[in-house]
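Visitor: I would like a close look at a single part of this structure. Please take it slowly and explain each term as it comes up.

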Amino acid sequence: MLFVILFPVLLIAVDMIKAVNASGSQLKPPLLPLFVRTPYFSAWLPDARNDPWKHWPQFYTGDELGLTVMVRLDASDTIYPLVGRGHEDLFDEDSDSHHALRNPHYRGASYDASTTNLSYTLSEKTEADQTSPDTHITLSFISPITPDDTFRQAIPACYLAVQVMGSAELSIYIEFNGMWITGDHSGVLTWQVSKHNNTRIIDIGRQEERLFTETMDRAEWGRFYLVGNKADSYEVGDAKLLRQRFAQTGTLIQRTATNSGLDGPGTVMAVTHHLDPTKNGVPLQRTAHFSVAHVQIPTVQFARVQGVQAMKPLWQSNFTAGVFQMLHFHYNDFASSVGLANCFSDTMKERADELASDTYADILALSARQVLGATSFAGTPEEPLLFLKEISSNGNHQTVDVIYPAMPFFLYANPAWLRYALEPLLEHQAAGLYPREAAMHDLGTHFPNATGHPDGNDEQMPLEECGNMLIMTLAMLQSFRQHQGVEELRSWLEGSEEQLGELGAPIDTSSQHRMSRYALLNRWAEYLVDNTLFPSHQLSTDDFAGPLENQTDLALKVLLALYFYLHLKE
């Protein structure tokens, strides 16, 4: 019997200190997640056991991303690098400017399912003065996982929170470059700045978008956003000039560059946040946060019985006024969103500790963002869909044997998310858009194009994918059976003419080729019965090994799939 844990829905209040503190972690992985939200919003800290200012953050492919975070202690005009290598521009031998640059003491990282914390101590003590108080800073990179709230989970945005403990007056500098929005160095970028109530939003995107196109796994459409308090200073311009201006003055000059490319140091967008000294020099905790988002509208294209459709992001149904409404909400939703994420992280850690150990809890915490970082929510609240990219491989769209190992997370966190991921595969094949009897391997050769394989020439893993689809569908139904009536499940399985696409013009198919989800599952079960006794020469999910005959793992998977299928009729 499948075991599913449900999580509390209501969070009454969130303490700000707790909101940016991940629970203690034991494992020290070489790579840590920073912003990990969608296939195109995926930033990681390399060489994570060493000082974070010695390397640039990376996209999941290993390509560098321009992110610089620095702090300036205003009393001494001393600059401390925290993340990224932007501080290296302060060593300019050709410049007359001289900046006091000091490395902080890096206290290390901690993390939970949603948050990675990087902690530092800034000291101004010298041999002559040992009385200067230290300043402690924690940067929290938060990609909130909220299984109880798909509405929030569907928002393609993260938080960067800064927590300062101390009494000193200081300024924080945060900078992003154009590599966050494109993999094409020849592309021309545009920058915009706008105010929305209490927020200022800076965004960057290609001057000419290339819809549903990638370069080096990076989207060539959409825009990247940085959202902060409207009182913060900002500037869009030459990277070196902005860094040196901050080092000299602690602020920026509120101006925006025009179009730019990616060659050389390039153009960057930066903000600064100022923290006044505390009264009477008493150390206090002070905080600031920013929203960072990477938005594609539409998200993917999907071949349905009505034709290939450009799919709207799921969040768009809730923010009819557009992306700025969504970003303004996200910025002001910090306490609630992070509180829900903390609730999930705490529950998962507690359960993992009970079942195994702290180490197991850390493995699960590191895995959670990795699973959801391959996905993008689309559709409507009435028909939500979850699209998935095969990350760090060939980029296939909705790969069945990649969803399969993610299944335990979905069943634990929110079984509905598994349904949203399976629905595009079931809909496409039930509509008769795939010609083979066995289950398809994926919905498209490369994300974000879920245009199918009408010629049947996808990667062939017939036993693997039939078994996977049966096990996942039935596991999902078993989870839902506890919370939904049998009649509702039967209606979903058997479908209606409208659900099966009778409305609208079909593409390369006719109504007699369409079938209910139940008939589709039955076809796959019959295929397994006919072809499993002696598995033929074929691929399994370990396709790096090449096609093999009589694979025991396939035979065992099929036995499990058929066993579960028999229980479907109960």
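Guide: What follows is a walk along one helix and its two packing partners.

The model is predicted, so local features need pLDDT of at least 70 and side-chain atom pairs count only at pLDDT 80 or more, while totals for chains, interfaces and linings use all residues. Residues are numbered from 1 along each chain as its sequence is written, and side-chain values use heavy atoms, with hydrogens and water left out.

The part in question is helix H9, residues 462–481. Helices here are DSSP runs of H or I with at least four residues, and strands are runs of E with at least two, numbered from the N terminus. Two packed helices are described by the angle between their axes and the distance between the axes. Axes are lines fitted to C-alpha atoms, for helices over the stretch in contact, and angles run from 0 to 180 degrees between N-to-C directions.

Take helix H8, residues 415–430, to begin with: its axis and that of H9 come within 10 Å and cross at roughly 140 degrees. That makes H8 oblique to H9, because angles under 35 degrees count as roughly parallel, over 145 as roughly antiparallel, 65 to 115 as roughly perpendicular and the rest as oblique. The crossing of H8 with H9 is left-handed, meaning that the near helix is turned anticlockwise from the far one by less than a right angle; clockwise would be right-handed.

Contact means heavy atoms within 4.5 Å. On the H8 side, Pro415, Ala416, Leu418, Arg419, Leu422, Leu425 and Leu426 take part, and they meet Met469, Met472, Thr473, Met476, Ser479 and Phe480 of H9. By class, this contact of H8 with H9 has 10 nonpolar, 2 polar and 1 charged residues. Ala, Val, Leu, Ile, Met, Phe, Trp, Tyr, Cys and Pro count as nonpolar, Asp, Glu, Lys and Arg as charged, and the others, Gly among them, as polar.

The other partner is helix H11, residues 517–531, which packs with H9 at an angle of about 135 degrees, the axes being 10 Å apart. That makes H9 oblique to H11, and the crossing of H9 and H11 is left-handed. From H9 come Pro462, Leu463, Cys466, Gly467, Met469, Leu470 and Thr473; from H11 come Leu521, Trp524, Ala525, Tyr527, Leu528 and Asn531. The contact of H9 with H11 divides into 10 nonpolar, 3 polar and no charged residues.

Met469 and Thr473 of H9 appear in both lists, meeting H8 as well as H11.
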